[in-house]
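Me: I'd like to go through a few of the labels people put on a structure and see what backs each one up. Could you take me through them one by one?

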Amino acid sequence: MKVLLSWLREFAPIEGEPQFIADQLSALGLAVEEMQLIGGNLAGIVTARVLALRPHPKADRIQLVDVDAGDGEPLQVCCGAFNMAVGDVVPFATLGTTMPNGMLIERRKLRGEWSNGMLCAAREVGLADAVDGIMILPPELPLGVDFATAMGIETDVLYDLDVTGNRPDALSVAGVARDLAAWLKVPFTMIDPPLEVDPAWQASGLAAVDIVDGDLCGRFHARVLDGIAVGPSPRWLADRLTALGMRPINNVVDVSNYVMLELGQPSHTFDLNQVSGRRIRVRWARDGETVETLDGQTRTLTAADGAICDGDDGVIGIAGVMGGASTEISETTTDVLLEMAWWDPLSIARTARRLGLRSEASTRFERGSDPGVIDVAMRRFVQLLRETTPVRVAAGEIVADGNLPTPATVTLRTARTNAMLGVSLSRHEIAGLLEPIGFRCEVAGEDLTVTVPSFRMVDTTTEIDVIEEVGRHHGFARIERTVPRPTGQAGALSTLQQERRALRHSLVGFGLTEVMPLPFLAPGDLARAGLDADGIRVTNPLVEAESVMRTSLLPGILKTLAFNASHRNPDVECFELGHVFLPTDRSAELPDEREHLGVALGGSEAPAALDAWQVVVDTLGIASWRLVTDTPAGMHPTRSARIEVANTTVGALGEVDPQVLADYGVDRRVAWLQVDLTTLLALPHGPQPYRRVSRYPSSDVDLAFVVPEPTPAADVARALRKGAGALLAELTLFDVYRGDRVAAGSRSLAYRLRFQAPDRTLTDAEVAEVRQRCIDAVTSTVPAQLRG
């Protein structure tokens, strides 16, 4: 948003050096990206009269111009413009002049002819002109005088502001002036243009407006005018538009743009005689409807676009974006319908982006224009247009209302405001900051009831929005910078995080590699893994191969094993700490999300999974657990079991079902452990008591037992631990045998037991005694026989 300092001063007595004012605007959040001096760098440009014109002998696009710069001596200038005639007075940049764009005027040859200066176009001196080419000045101007003095050009300052999306009010000169005046503690005065109407010419009988869809248009305001003669705008108005980046076109278009820049309210004019039935209807478009817009393009609309229609329901404009060619004002126009409206911001933004028709007007509508300024903008439009053409205005307004939002009323708590900003403002001080920028404040005990002004009703709806305004006008730079004090211990890991980290470190120390497959599976992956195929489907997956949320870590890890095997890296041993998503009944908003541990040991048998479980037990301090013979989904029917802790199932271990491995392309056995950490960590556990390391020698004993296939190896290990008691330092299952040396349906489990006392060296008799206790403990509690 660009604003001129002189324009701001029409609303408030803003004083100070240009840089000081720029700093204040930036402090308000209206960051000044560029500051430019206008009209103050025209020294060396004088008035001159064209004496003669002749072609350049060696260039078709350049002519030679002789000018008189006031001393009666002709000077030859090479010029690329051809809009001059002999006798015209033009601006002439003399040798040594530095132009506003920084170019230095020097004597130079152009295709063999000397040029002793430069004739200037309006844009080259920072002014506006409807004619391309050299600027033609009034013929009565004296020659050789300073151009700026002769034209009455005054020095001005142009600020280019970075306006954020939550400041629709700052997309107007008046809005910026209001904010700056409140900051500088000077009065702000909104313009109040007079309006003379023809009481004998009533608008109510000349046109009508219907809002069919109130959610599209909150208010449609119109007046009927006639007597408009299209022509050039006053130079002062055209110059201001040029300075703000708009090209002057004609008085009607220029006034519309000027009012939009000044007050933030776009407008549109219709040739009322070309509007069928002289009636305007506002509704949502229908898919496939078309309209030829002012740029000559035929646009196809959708049901998400707003349409302005005539009495026959034909589309004559795209709401808030661009008017239609069929009702454009022409030289034959007599009656004009001037329209200003409030449009739904989201619908305008959607349409403008889809059609690629974003403009200054659509930007203001999609940010949220001010319905409260429409009447002032109407009167200002007529006031400015009457400077160039005698406009007659019909008495009465044509106003239709839709679903116009109501500005919010917010309870602003003084304590909350001070806590959020880190200040100590009284209720009276807070009101003093808000009221100058249009917020109405009423006392409510120790707090305030604040009514948001209409020009901020879209972006300011809650207490925190109002607190932001208090902070802006108090001055964020004035708020003391403090380092927030932490409550409790800063940066500490929670107990859950500590246990998860310890478990990860232990598994890595066990020799496993952590993997992180995606939590999404392809349809059919769960069924191939022997699991329930009823997984939760993602409604908007990136690809169909990732459309099901996993209920187990098994499918993802099996894919990892298969991928590595296909790349000549078999027997990968890995683990994953990840979340699974279990279906729930339809009354639940979200799935049952739980954290699981999955361990896969490629090329290993079931006892390896038991070793991995023992790592988990030792790390988390699980005091008591047991294995229950079972066949969990996806696992080997005779080499698997479920894990119970405190009579609660927390997971399963064993081997993966051979059919599942085949379906995933894994040709080796895989030992598998999956633990529901969410359940396990909610059960009693904790660090095990420290056990002193013995410095005395140990003794190793190997025992092998023949047990039926369904008997878990963990049951044998538990019996051995019980029999050995405190003298057992280490227990390892080092061999599992199936073959002709054991009975069918049985297997041999070979254990190595290490005995060690903390205070002495064990004798052979003591070792023999504890060995026998271990044998008795196994044979008495498990269907097992000692293998010779």
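Me: Which residues does N251 touch, not counting residues up to four places away in sequence?
Reply: This is a predicted model, so keep that in mind throughout. In it, N251 touches A229, V230, G231, P232, S233, L385, T388 and T389. N251 itself is found in helix 6.

Me: Why is N251 called buried?
Reply: Buried means under 20% relative accessible area. N251 has 1% relative accessibility, so N251 counts as buried.

Me: And V452, what makes that one buried?
Reply: Here the value is 2% relative accessibility, set against a cut-off of under 20%. So V452 counts as buried too. V452 is found in the loop between strand 26 (447-451) and helix 12 (463-474). Leaving aside neighbours within four places in sequence, V452 is in contact with P407, A408, F439, M457 and T460.

Me: How far apart are V452 and A408 in sequence and in space?
Reply: They are 44 residues apart in sequence, and 5.6 Å apart in space, C-alpha to C-alpha.

Me: Why is helix 19 called oblique to helix 20?
Reply: The axes of helix 19 (residues 713-724) and helix 20 (residues 764-781) come within 8 Å and cross at roughly 140 degrees. Roughly antiparallel would need an angle over 145, and roughly perpendicular covers 65 to 115. The crossing angle fits neither, so helix 19 is oblique to helix 20. The crossing is right-handed.

Me: Which residues make that contact?
Reply: Helix 19 brings V716, A719, L720, G723 and A724, while helix 20 brings V770, R773, C774, A777, V778 and T781. They divide into eight nonpolar, two polar and one charged. Arg counts as charged, so R773 is the charged one. Gly counts as polar, so G723 goes with the polar residues.

Me: What makes strand 12 and strand 20 edge strands?
Reply: The open sheet has five strands in the order 12-15-18-19-20, with mixed pairing. Strand 12 (208-211) and strand 20 (322-323) each have a single partner strand, so one side of each is left without a neighbour in the sheet.

Me: How do you know that strand 19 and strand 20 pair?
Reply: Pairing takes at least two bridges. Strand 19 (residues 315-318) and strand 20 have two bridges, in the antiparallel sense, so they count as paired. The bridge partner of I318 is M322 in strand 20.

Key. Residues are numbered from 1 along each chain as its sequence is written. This is a predicted model: local features need pLDDT of at least 70, side-chain atom pairs count only at pLDDT 80 or more; totals for chains, interfaces and linings use all residues. Side-chain values use heavy atoms; hydrogens and water are left out. Helices (H or I, at least four residues) and strands (E, at least two) are DSSP runs, numbered from the N terminus. Axes are lines fitted to C-alpha atoms, for helices over the stretch in contact, and angles run from 0 to 180 degrees between N-to-C directions. Angles under 35 degrees count as roughly parallel, over 145 as roughly antiparallel, 65 to 115 as roughly perpendicular and the rest as oblique. A crossing is left-handed if the near helix is turned anticlockwise from the far one by less than a right angle, and right-handed if clockwise. Contact means heavy atoms within 4.5 Å. Buried means under 20% relative accessible area, exposed over 50%, partly exposed in between (1.4 Å probe, protein chains only).
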